[in-house]
Amino acid sequence: MLTATYILVSLSVEQASIRVSLLAFQKYMHVQLRHQNQLSLAQLQYAGDWLNRLYQGGYWRKVEMYLIPAIRQAAPHADGLLNEINGLNHAALESINVVQQRAGAAIDHSELQAEQLCAAIDAFCAALLQRLEKEERELFALARKVIVGEAWFAIAYQFLAHDARAQEARRGKAQVLPFVLPVPLPSPDTPGGAADASDNAAAAPVDAAPAMPLARRAQA
């Protein structure tokens, strides 16, 4: 089915993007920690924040949001495979907990060795990379067997709606323009007022400092 092929190819692209992010983070941390024996609290917090961000991002994947629920509905007997996938998620979460607990201990001057942090990061990445591989080799194959007919079209519609929302969100961010206070114009009664007005308008970007963008001010 062309619809099923489109969906699974789209998911493979998503999987590849996540794999690149995981490997890039793993390589970056190894480079940063290569010549260190002990870590600062800031480094532990940085690593913990990034691990948590990568972990939470998994819940917003199309596989998690649309494909797995469709498989559960079509094949209740697939719980064994889904439990294995969840087990890999829990293994990754345990690695995050190790780093966060060590960060909390560092407040009490108990420092974590750099090699221990690298080991936790490696365990985290290994678990999620194994999950991606299991999804591609086993979950996608199972989906082809148990999901049929209209269910594929329903998933495709969800994908299109998901992409449209994401594109709209990006467009909304791109359209946030800075708010600049208007340049005061001289009174028409002032001698040379008309000429001064055009001069002031031309000089506005240099002479008048723009106000803080409204969007940024709201965030502040």
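A polar contact is a pair of N or O atoms within 3.5 Å; within protein, one must be able to donate a hydrogen and the other to accept it, and residues adjacent in sequence count only if both atoms are side-chain atoms. In this predicted model, local features need pLDDT of at least 70 and side-chain atom pairs count only at pLDDT 80 or more, while totals for chains, interfaces and linings use all residues. Residues are numbered from 1 along each chain as its sequence is written, and side-chain values use heavy atoms, with hydrogens and water left out.

Such a polar contact joins the side chains of Lys62 and Asp163, at 2.8 Å. Lys62 belongs to helix 3, helices being DSSP runs (H or I, at least four residues) numbered from the N terminus. With a relative accessible area of 8%, Lys62 is buried (under 20%, against over 50% for exposed and in between for partly exposed; 1.4 Å probe, protein chains only). Contact means heavy atoms within 4.5 Å; leaving aside residues up to four places away in sequence, Lys62 touches Ser10, Leu11, Glu14, Leu67, Phe159, His162 and Asp163.

Leu67 leads from Lys62 to the nonpolar interior. Beyond residues up to four places away in sequence, the residues that Leu67 touches include Lys62, Leu11, Leu139, Ile147, Trp152 and Ile155. A nonpolar core is a set of buried Ala, Val, Leu, Ile, Met, Phe, Trp, Tyr and Cys residues joined through side-chain atoms within 4.5 Å. The largest has 25 residues, and among those touching the most other members are Leu11, Leu67 and Trp152. Helix 3 gives the most to this core, with six residues. A second, separate core of 24 residues includes Leu22, Tyr55, Val99 and Leu132.

The model also contains pockets. The second largest encloses about 160 Å³ of space; a pocket is an open set of points on a 1 Å grid over the protein atoms alone, where a 1.4 Å probe fits, with protein on both sides within 12 Å along at least five of seven lines, and lining residues have an atom within 4 Å of a point. Helix 3 gives the most to the lining of this second largest pocket, with six residues. Ile147 and Ile155 are among the lining residues, and both also rank among the members of the largest core that touch the most others.

The largest pocket holds about 360 Å³ of space. Of its 18 lining residues, Ile18, Leu54, Gly57, Gly58 and Arg61 are the closest to its centre. Helix 1 gives the most to this lining, with five residues.

Notes: Points joined across faces, edges and corners; volume = space filled by probe spheres on them. Helix = DSSP H or I, 4+ residues; strand = E, 2+ residues; numbered from the N terminus.
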